[in-house]
Amino acid sequence: MARTVGIDLGTTNSLVAYVDPQTGEPKCISGPNGSSLCPSVVSLDPDGSIVVGEPARRRLLTQPERTVYSVKRLMGRGVADIQDELKLFPFRIDPTSKNVIRVRLGDKFFTAPEISSFILRELKNWAEAHFGESVDRAVITVPAYFNDAQRQATKDAGKLAGLEVLRLVNEPTAAALAYGLHEKQRGHVAVYDLGGGTFDISVLKLISTAEGDIYQVLSTNGDTHLGGDDIDNLLLAFVHQRILQQHSIDISPLSELAQELRKEIISIKHQISEKESATLRFPLPNGAVFVQEFERPAFEALIRPIVDRTMGPVRQALADAKLKPGEIEEVVLVGGATRTPLIRRTVQEYFGRKPHTELNPDEVVALGAAVQANILERGVSNMLLLDVTPLSLGIETYGGTVAKVIPRNSTIPASAQELYTTGVDNQTGIDIHVLQGERELAKDCRSLARFNLKVPPAPAGLPRIEVRFLIDANGILQVGAKDTRTGEQRTIEVQPSYGISDTEIERMLEESIEYAEQDFAERQAIEARTEAETILTATQKALGTPQAADLSREERETIDAAVAALKESVTGSDYKLMRKRIDELNNATMHLAELVMNSAVSTALQGRKLAEV
C-alpha cells in the first residue's frame, strides 16, 4: 500500500513528514540539500522546466522575472483581493485574469494552485525517495482562517500534484497534535501561529473520555494578510528610505538588487533574535557601502505595530471561546516568526505563562499533519479531531440582508437547515445566493455561489423553501434547497468564485501525464546541474589554497580542462553528459583533494602536539 504523509504547505517554506512506525514519533523528511525546509519558491527555466525549492530561491537574485515566492497569498483569491500584495511582491499578473489569477513566469502563465502543485510534487518526490515507494495520499494543513475558496484551491493543488488529499487540517490544530498535549494536559490550549504570510490563533479544548481523546476547537481567528513577510517588508521599506535619503539611490526598480537586499535584511532579523545588535553592510551600484546598525530595542520599536496587530485576533478568539487569558493552561508558538524575542515576551505577558517552544516552530505543523495522516491511515478510533468553520455561512434574503445558517466557530463536519418563503406574489423561482462572512448585508460578505430553485406561482409567504447547508471535514460546503410543497429540489457543491473548474483541472492533469517523461528528464538535469555547481565551487576554492602549487603542470591543465568541460555541459540539458563531466572532474581533482586533506590533518596534529606541550 502506498504511503500517506503530512504536508505543511507554507508561505515561506513547505515540509513533508511521516510517523515512524518503530517509535511512533512524527519526523520531517529532508530533501537533497539535507534540510527539511523546502523554500516555497518556484522558477521557470528558459528551456521550460520547473525548478522548486532551494535552487529556485537562489534564482530570485539572478532570474527574478522567472521566479515566484509567497504564492500562498494568492490561493483562492481574485485580482481585486490582491492589490496590496502587488505593491509588495513581484507578482506579474496576466492582465486578462478574471476569476482565476494567472502569474507570469518568463513567457508562460500559471495559476496559484498550479504553482503550489509544483511545490507539493517536489515534497512528494522527497517522500518517495525517502521511502523507496510511491506516496499518493496526504493530509495538508491550511491556515485556520482560510475561507472556502482558499481551501478548495489547496485541494486543487494537491490533486494536480498527484495526491489524494485525505483531509485539510487547520495549522493550529495540527500544532496541538504535534505536541501531543492530550497526553500531558487536559484543558484549554491557545495556539499562536505566525508564519511567513498568515497569522492564526486558535483556542482548543482537550478532553479525555472513556472512548478516547477529543481535540475540540472552541474558536479561531486570524489574518490571512499578516506574517513574517510583513516584518521583512517593513524593514525593507525602512532601509530603502534610508538609502534614498543618504545616497539618492532608489533600490525598488532594481529587482535583482532589491532581492539581494531582502536576503541581507532577513539575515539581520535572524541575528537580532540571537543577540542584542547586528550591522547591515550593503554595497550600492555607485560603489558606496550603505551601513545601518540595528540595536534590539530600536528594532523591536520598529516591528511592534505588526506584533500588536496579532493581539487583536487573539483577544477576539478568547472572547468567542468565552475565556480569559488566565483560563488558558497551555500556549503553543508556531511559525518561524515566533523566534522573535518581542513576540515571545508579548504572548507570555498576555497569557501570564511561558509558551511552549520545545519543538522546532518551522516543523511543528508538518509533524502534526503527519500525526493526523497516521490516524486516518490506521483508522485510529480513540482520538477525535473537531475543527471549526472560521466564518459564518448563510444566504441573502429579501432586501439584501444575510440570514446566517451556520455561525462561525461551528464544529465541523456540520449541517443545518432553515425554512424560508417568498417575498413577492407569484414568484416562479427563488435565487439562492450563498454568502460567507460576518456582516449583516450581502454586499459586504463574500459571494460563494448562486443557483435558482423553481417554485409554482403563489401568494407571497405561502411557499416553504427548506435550505440545507452541509460542511464536510475539510471545510468544503454543499448547499441544497427544496420546495417542501412540490418536492422540487437542487443541490450543489459550492465551487468557490476563485477556484479552478473541473475542466481546467482535467487539462492540467492530462498535461502532467503527457509531459511526465519530459518532466523526469528535466528534473534529472536540474539535480545534475545543482551538483555540478557545488563541485565547481569546491574545486575553485581548492585551487586557491597553497597546496595547489604542488600540482604538476599536466595535473593543473587536466583540472582546468575538466572544469571548462563541466561548465560547458551545464549550459545544456543533457544530464547524462553532465554526470559524465562531473565524474571526469572528480577523477582529475583526486590528487588535489589528497594534498588539501593531508595539509588539514597535519595542521590538526601540530595543534594537538602544541596543546600537549
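Lys322 is exposed, with 72% relative accessible area. The model is a predicted one. Lys322 sits in the loop that links H9 to strand S17 (330-334). Its backbone stands out too: Lys322 is not a glycine, yet its phi is positive, about 55°.

Ser70 offers a second case of this backbone feature. Ser70 also is no glycine and has a positive phi of about 55°. The setting of Ser70 is the loop between S7 and helix H2 (83-88). Here the surface value is 2% relative accessibility, so Ser70 counts as buried. The cut-off for buried is under 20%, and the cut-off for exposed is over 50%. Ser70 therefore falls on the buried side at 2%, whereas Lys322 falls on the exposed side at 72%.

Ser70 leads on to Thr11. Thr11 touches Ser70, and also Ser40, Lys72, Arg73, Gly196, Gly197, Thr198 and Asp229, leaving out residues up to four places away in sequence. Thr11 belongs to the loop between strand S1 (3-8) and strand S2 (13-19). Its relative accessibility is 5%, so Thr11 is buried.

Two of these partners, Lys72 and Thr198, turn up again around Glu171. Beyond its neighbours within four places in sequence, Glu171 contacts Asp8, Leu9, Lys72, Thr141, Val142, Pro143, Ala144, Asp193, Thr198, Asp200 and Val365. Glu171 is part of helix H5. With 4% relative accessibility, Glu171 counts as buried. Pro143 deserves a closer look. In sequence, Pro143 and Glu171 are 28 residues apart. In space, their C-alpha atoms are 5.3 Å apart.

Glu171 also takes part in helix packing. Helix H5 (residues 171-179) packs on helix H11 (residues 364-378) at an angle of about 80°, and the axes are 7 Å apart. That angle makes H5 roughly perpendicular to H11. On the H5 side, the contact residues are Glu171, Ala174, Ala175, Leu177, Ala178 and Tyr179. On the H11 side they are Val364, Val365, Leu367, Gly368, Ala369, Val371, Gln372 and Ile375. By class, the contact of H5 with H11 has 11 nonpolar, 2 polar and 1 charged residues.

Now take H9, the helix that precedes the loop of Lys322. The axes of helix H7 (residues 228-247) and helix H9 (residues 296-320) come within 10 Å and cross at roughly 130°. H7 is therefore oblique to H9. The crossing of H7 and H9 is right-handed. H7 contributes Asp230, Ile231, Leu234, Leu235 and Phe238 to the contact. H9 contributes Phe299, Leu302, Ile303 and Ile306. The class count for H7 with H9 is 8 nonpolar, no polar and 1 charged residues.

What angle do H14 and H15 make as they pack? Helix H14 (residues 553-570) and helix H15 (residues 575-588) pack at about 160°, with axes 9 Å apart. H14 is therefore roughly antiparallel to H15. H14 passes H15 in a left-handed crossing. From H14, the contact draws on Thr558, Ile559, Ala562, Val563, Ala565, Leu566, Ser569 and Val570. These meet Leu577, Met578, Arg581, Ile582, Glu584, Leu585 and Ala588 in H15. By class, the contact of H14 with H15 has 11 nonpolar, 2 polar and 2 charged residues.

Sheets come next. An open sheet of 3 strands runs in the order S6-S5-S7, with antiparallel pairing. Its edge strands are strand S6 (50-52) and strand S7 (67-69), each pairing on one side only. The twist averages 20° from one strand to the next. Strand S5 (residues 41-44) runs antiparallel to S6, and 3 bridges join the two. Ser43 has Val51 in S6 as its bridge partner. S7 leads back to an earlier residue: the loop of Ser70 lies between S7 and H2.

Another open sheet has 4 strands, in the order S22-S25-S26-S27 and with antiparallel pairing. Which strands form its edges? They are strand S22 (414-420) and strand S27 (489-493), and each pairs on one side only. The twist here averages 10° from one strand to the next. S22 and strand S25 (residues 465-471) run antiparallel, joined by 7 bridges. In this pairing, Ala414 stands opposite Ile471 in S25.

Terms used:
Residues numbered from 1 in each chain as written. Predicted model: local features only at pLDDT ≥ 70, side-chain atom pairs only at ≥ 80, totals over all residues. Heavy atoms only, no water. Axes fitted to C-alpha atoms, helices over the stretch in contact; angles between N-to-C directions. Parallel < 35°, antiparallel > 145°, perpendicular 65-115°, else oblique. Contact = heavy atoms within 4.5 Å. Nonpolar A, V, L, I, M, F, W, Y, C, P; charged D, E, K, R; others polar. Pairing = 2+ DSSP bridges. Left-handed = near helix turned anticlockwise from the far one by under 90°. Buried < 20%, exposed > 50% of the residue type's maximum accessible area, 1.4 Å probe, protein only.
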